[in-house]
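Colleague: I'm new to reading models like this one, and I'd like a close look at a single part. Could you take me through the nonpolar core and then show me what sits around it?

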Amino acid sequence: MTPVNMQYNQTKILPGMATILLMFLVPATSYAEKFNRAKVTKVINDVRLLTGTKTSRPASKGSVVSGKMAVRTGLKSRAQMDFPDASIVRLGANSVFSFIQSQRDVDLEKGTILMQVPKSLGRTKIRTSSISAAITGTTILIEYVPPITNDAGEIITPGTFKAIVIEGSLELELKNLPGQTLILTAGEMAAFPTDIKVLPKKFVIDLGRLIKTSNLIEGDMGPLPNKPIMIREVQNQNEQKKEGRLVEVSANRNPENLTPLPKDDINNARPPNPPVQLPERPDRP
Amino acid sequence: MGKNRPPFTTYSLYLCFPLPFLLPNRVLKPSCYKKIPSIVTVKIQFCPFAVFLVCIAFPHESSAQLLDNDRNQNSASIWGKRFDPWADPASNDYAPASPGDSDLGEQLVLMPAQEYLPFSLELTETVHWTSNAGLSDLDVRTELEDIYSATDLRFSYFPQIGDNSYFEFSTGYAIYRYMDYSSLNFDRFETSVGLVHNFRDLNNLIGWTRFNYYRLLDSSGHDDLFTDYSLELGLYYPIPLSSRHKAFGSYSSKFSLDADPGSLRRHQHWISGGYTYTPSDRFKISAYGGLHVYDYVESGRTDLLYDLGLALTTHLTDRIDAVISANYSWNDSNTTGFDYEVADIGAKLGLTMKF
């Protein structure tokens, strides 16, 4: 038998829980709605909107991409799309991009993509045929090269995948490694063939160098809205480089650039010289 | 026997070897660009043996192959089926190349700098076969073939005291034991204090000066066989040829300040060269050649000791190394009865702890 005071509590709690649930559901739905249409704001060279399986038309500044439409870029071409929620997508050359209906997800069939999602928005996923990358408030770069197959559909050369986080974080999920995720943070990168059998390792790259040389970040695409945050991450990395905590690979190889000098080199200079050492021994008996 | 046995400190003299390749551009400064002589011939007494060592020591790669290997680290071919991107993802300067790199930007790999730890404690155990345990004279031909072990414990402190300068303190005790000729057993204690400077403007030349105390004891560890105080000056010139190939040259002189017994007091001069090939992070192949000059102060005796060596080192773990080595030496003295030759083959297991 349920006590009276417990019944009272249930009548109070249930409407409260429903209200809280609605508070979560309503923004999520509106975020998704704001994410299934975008306006093309920059077009460089050959950018086309795919409106059906066989129909396409050139994209121009102001074109709206929505629903089942896809965007395809040609050789040396790039495009930028702005979303109502202030998210930005930039496509590199030879890329195909589309929305996934009713979700806050996008599909990268192939090519390169820069995605910038403001903080406090919902979780966004960039999907490819074998990997998905989940982001929340971040700027990332992804490249996906699909596998090459023969006429029988057998994979001749595996596909490749690259993910770089410029600021924020990213969570990678591989379809052939269910339940395992790789989290990348600012300055980190993962690059691997899509048929990889173990979770890939991540490594750090020079953000300043990347930003300076990236066609999707600098150059004719113009600055990104959160450039100050990106600059802050570059400065953080530069501090680590200045303090000698982060170095280029060649610096670690070359003792000339090591600070301090490895003791092993000094040891090499010592007689007796390991590892080949004629043992010391007294002269003849 | 005992006090009649002079110390036999070994210093390696290293000969030159062929280094047939151009230096890759990412490893060396432009000023270092140069062509290494394709071959250096050294006239030695036992050419077949030296040729054997050299043949084994050097990787059979042409200069073009070496350059291609380096370039391939960053080429699109790395994405092929043989690509193992996570074996050592930070071993390349750049992330693997891909079609979208111009849009993504340059992906220069950074990695944490190697942490420097000034203290080290090393324990090594060596077992060697020697062809001439007693270093018998060539004319006498009474070589004593034997197997000996050496257990060596060494402590070092090597702090940085300036931008490119280091203080050095090292002390160690070693126990040498022979399987058959136990009368040759001895212990060794040595301590050195010095300064090391790295001349970065001179292609990373390293110079040092040390004060050494050296003591040989009998197997009981109580009675001195020989003691020596010396001042040492030396230079070491590393020559990084690529990420996997390295050569070096070295010179040092050790001036004896005092010795007991005085008849064995000697100055030592040592010139050497070496070459190291590192096919992977775990393996290293080294070849050495050197010439030692022992100048005995009182007797006027001068010995020239030639030394050739070859070693294969494997890093079993971060702290444990295993070494298989072969060494051949011959001594040419201006005093009758001191010419000898000796070959050593053996293995060493070393534990190093840095902190």
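Modeller: Let's start right in the middle of things. The largest nonpolar core has 63 residues, and the members that touch the most others in it are A:Ile140, A:Ala163 and A:Ile164. This is a predicted model, by the way, so keep that in mind as you look around. Which strand gives the core its largest share? That's strand E9 of chain A, residues 105–117, with 6 residues.

Now zoom in on A:Ile140. Skip its neighbours within four places in sequence, and you'll find A:Ile140 in contact with A:Met115, A:Ala133, A:Ile135, A:Ala163, A:Ile164, A:Val165, A:Ile166 and A:Leu170. Here's a bit of background: in soluble globular proteins, nonpolar side chains tend to be buried together. There is also another core lying apart from the big one, with 17 residues, including B:Tyr236, B:Tyr275, B:Ala287 and B:Val323. Hang on to B:Tyr275, as we'll meet that residue again.

Staying with chain A for now, have a look at strand E6, residues 78–82. Is this strand enclosed or open? Of its 5 residues, 4 are buried, so E6 of chain A is largely enclosed by the rest of the structure. As for partners, strand E1 of chain A (residues 37–44) runs antiparallel to E6(A), and 5 bridges join the two. One of the pairs you can pick out is A:Ile44 with A:Arg78 in E6(A). E6(A) also pairs with strand E7 of chain A (residues 88–91), again in the antiparallel sense, over 4 bridges. There, A:Ala79 has A:Leu91 in E7(A) as its bridge partner. E6(A) and E7(A) make a hairpin, with 5 residues between them, and A:Ala86 in the turn has a positive phi of about 80°.

Why point out that phi? Most residues other than glycine have a negative phi, and most peptide bonds are trans. Two further spots in chain A are worth finding. A:Asn45 isn't a glycine, yet its phi is positive, about 60°. You'll find A:Asn45 in the loop between E1 and strand E2 (47–50) of chain A. With 12 other C-beta atoms within 10 Å, A:Asn45 is exposed. A:Lys76 is not a glycine either, and its phi is positive at about 50°. Look for A:Lys76 in the loop between strand E5 (70–73) and E6 of chain A. A:Lys76 has 14 other C-beta atoms within 10 Å, so it counts as partly exposed.

Stepping back, chain A has 5 helices and 20 strands, and 42% of its 285 residues count as buried. How sure is the predictor about this chain? The average pLDDT of chain A is 78, and 74% of the residues score at least 70. Residues 1–8 of chain A have a pLDDT below 50, and that stretch has 1 contact in the model beyond near neighbours in sequence. In residues 268–285 of chain A the pLDDT also stays under 50, but here the model has 71 contacts beyond four places in sequence.

Now over to chain B, with its 3 helices and 13 strands. Here 36% of the 355 residues are buried. The thing to look for is a barrel: 12 strands of chain B close up in the order E2-E3-E4-E5-E6-E7-E8-E9-E10-E11-E12-E13, with antiparallel pairing. On average, neighbouring strands of this sheet are turned by 20° against each other, direction ignored.

Pick one pair from that barrel: strand E8 (residues 245–260) and strand E9 (residues 266–277) of chain B run antiparallel and are joined by 10 bridges. And here's our old friend: B:Tyr275 in E9(B) stands opposite B:Ala247. In the loop between E8 and E9 of chain B sits B:Pro261, and the peptide bond leading from B:Asp260 to B:Pro261 is cis, with omega near 0°.

One last stop is B:Asp228, in strand E7 of chain B, residues 224–240. Is B:Asp228 buried or exposed? It has 22 C-beta neighbours inside 10 Å, so B:Asp228 counts as buried. The C-alpha atoms of B:Asp228 and B:Tyr214 are separated by 5.1 Å, with the two residues 14 apart along the chain.

Definitions and conventions. Residues are numbered from 1 along each chain as its sequence is written. Chains are lettered from A and ligands numbered from 1 in the order in which they are written. Two strands pair if DSSP finds at least two bridges between them. Axes are lines fitted to C-alpha atoms, for helices over the stretch in contact, and angles run from 0 to 180 degrees between N-to-C directions. A nonpolar core is a set of buried Ala, Val, Leu, Ile, Met, Phe, Trp, Tyr and Cys residues joined through C-beta atoms within 7 Å. A residue is buried if 20 or more other C-beta atoms lie within 10 Å of its own, exposed if 12 or fewer, and partly exposed in between; C-beta atoms are placed from the backbone. Two residues are in contact if their C-beta atoms, placed from the backbone, lie within 7 Å. pLDDT is the predictor's confidence in each residue, from 0 to 100.
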